[in-house]
Amino acid sequence: MRTTRPGVRPGPAYATTDDATPATATHDFEPKAGSGPGDSTTTDSATTSRIPDKVTGRSAETSGEPTTHTSQATTDTAAFSADTSDHLAPHQNSVPAAPTISGHIPDNAADRSAGVHDEPTTRAHRAALRTAKVSTDATGPHAGVSEGCREAGVALTVLWERVERAVDAEAVFLALYRESVTAFWLDSTHAEPGLDRFSYLGDAGGPLAETVRYRVGAGLVEVAGRGGCEVVGGDVFDYLAMRLGRVEVELPDVPFDFVGGYVGYLGYEMKAECGAAERYRAEMPDAQWVFADRVVVVDHVAEHTYLVALADSDTVAAAEDWLSSTRAVLAGLPDRCTPDRLELAVDEGAVESRLTRGRQRYLADIAEIQAQLRAGETYEVNLTDSAYVDQDCDGLAVYRALRRSNPAPYAAFLRFGELEVACSSPERFLTVDRSGMVETKPIKGTAPRGATPEEDEILRRALESDPKTRAENLMIVDLLRNDLGRVCELGSVRVTALMHTETYTTMHQLVTTIRGRLRPDVDAVTCLRACFPGGSMTGAPKLRTMEIIDELETEARGIYSGTIGFLGLGGTADLNVVIRTAVRYGGRWRVGAGGAIVLDSDAEQEYHEMVLKATTALRAVTAVAGAHSRS
């Protein structure tokens, strides 16, 4: 059994003790599909397991009867439970802004000085958590922990198996999690080289699982787990960083970056915890997360399925039982297949009749924005509206329709009790890999698909060459470069792909890719707080533009414009931007949509684009609701 060395903490860029080896990935690191560890070796058996070679550190393979692989931390610690009784003194930490590319419009000085991205207490806390050395022979409640941190680490073991075929993800969810009160499905229905390749499925049924709920301004995090319910002081960023920072785990030799951790969402109003103003209150909780200690992972490229379980010293047997029983269930499920395309009509009238503010107000808001643009208050504003369906229907049924009618690489289905989210997002917000490389892929620029291949190509080329669209994209690129510059190593932030077109079922979109390397003192949660909300959903400069949005929009955006994804053990993360999404709460559905407004915007065209975007998710809701009412 492979074990971690004392003092090695998980994280995107490792803070180490004298005997630890730092990460050495290059600035232009880009994971290649099919090239990750564990991809190259196959056998003829139904499952393959890896047993670490204790002498050389290489992986030995076995075939036939599956053998459970374990990656175990050696720290002797307390059970996985919250302990937030100790707090560190505040420590101010200034962060340099990214240099500006010539010709780009930088984020303004007010954003850099307003303190939106500086959380002194929690940043010091996180740094201490990652650098504290925990002794393997410690005794007493705080023994073995340096003065920088008064919370003991938590040793977890990763057990995993690989099934030598890609099981159909939808069949997995239906078989294992259909009835779960809390469940997640991070779904790559539009898996392509260079986009996402993995789907992650799970629920809150494991012995180490917990659910986390937070409302903006409360200063209290509600946590429910095997030990019951409790309330923890602080905000959800503090809580997630503290919990992830405490875990000692050796990441296994698998080609994906999520082997357990938190899965969930942040709603747009979480901006108030990132330095922006609090204006409206969402109906549903502003953040909900589940600690996933049992995960099924489907690799759509290498055609494998992985079963991953976390265990502490008391739950190893339960984890092994779960691997065995889940493997037996998967044996009866079909192989992965591309879902049959569901053709749903694009009915813009169905959207317009359900909008909160409607056409006339939306056009008036655009006029006000253009007045603010001429006054120099902002460069670009992302204006949105919402459409409601006051008819209840099953959230999973809506998501199954949505993934067939509009497959997307960063899609998701979430269920937290009465809240259900059906998301078909094409946009990646942030990803952080094991080496500490962070990537964001903002979308700015949308065009409909053509009726013929010739017309489709004309529309795609027109999108790529449109000066207004390119200006929108460029301003958001500079904003996100600035956001990443606050948390990345100086000079590491680079635009690796500028304004290329990605094509989806109903539209073409203009996408840019930006990468950087996180500083050693920054973890994934700190990066998330620094960059949230995504600049493509606000405009630039971010703080002032969010104030303008609050003045124009008449309600909270809720989960729309926020983010869905995972914050993994080992400092990894993969989070989308919540667009093309339907949210079920309180017995009705809500779909948000919007677009960027600049000086050259044509108000009627912007309104039409917003309505077109809303049809993507709304048509799935109305199709399922209509079928439900007829049954």
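Of the 631 residues in this protein, 59% count as buried, and I should say at once that what we are looking at is a predicted model. The accessible surface comes to about 22900 Å², and carbon and sulfur atoms hold 50% of that area. In terms of secondary structure, the protein has 13 helices and 29 strands. If we take the contacts with a separation of 6 or more, residues 24 or more positions apart account for 77% of them.

Let me turn to the interior. The largest nonpolar core has 92 residues, and those with the most contacts inside it are Tyr200, Trp289 and Leu567. Helix 4, residues 236-246, supplies the largest share of this core, namely seven residues, and the core draws at least three residues from each of domain 1 (154-436 + 518-629) and domain 2 (441-517). To see one of these residues in its setting, look at Leu567, which, leaving aside neighbours within four places in sequence, is in contact with residues including Leu240, Leu244, Phe258, Trp289, Val525 and Leu575. There is also a second, separate core of 65 residues, which includes Leu159, Ala311, Leu373 and Ile597.

Now to the pockets. The second largest pocket has a volume of about 390 Å³, and of the 20 residues that line this pocket, the closest to its centre are Thr446, Asp466, Thr469, Gln605 and Glu609. Which elements give two or more residues to the lining? They are strand 22 (443-448), helix 9 (453-465), helix 10 (467-485) and helix 13 (603-630), and helix 13 gives the most, with five residues.

Technical notes: Residues numbered from 1 in each chain as written. Predicted model: local features only at pLDDT ≥ 70, side-chain atom pairs only at ≥ 80, totals over all residues. Heavy atoms only, no water. Helix = DSSP H or I, 4+ residues; strand = E, 2+ residues; numbered from the N terminus. Buried < 20%, exposed > 50% of the residue type's maximum accessible area, 1.4 Å probe, protein only. Contact = heavy atoms within 4.5 Å. Areas by Shrake-Rupley, 256 points an atom, 1.4 Å probe, with all protein chains shown as cover. Core = buried A, V, L, I, M, F, W, Y, C linked by side-chain atoms within 4.5 Å. Domains from an automatic or database assignment. 1 Å grid on protein atoms, 1.4 Å probe; cavity = no way out; pocket = protein on both sides within 12 Å on 5 of 7 lines; lining within 4 Å. Points joined across faces, edges and corners; volume = space filled by probe spheres on them.
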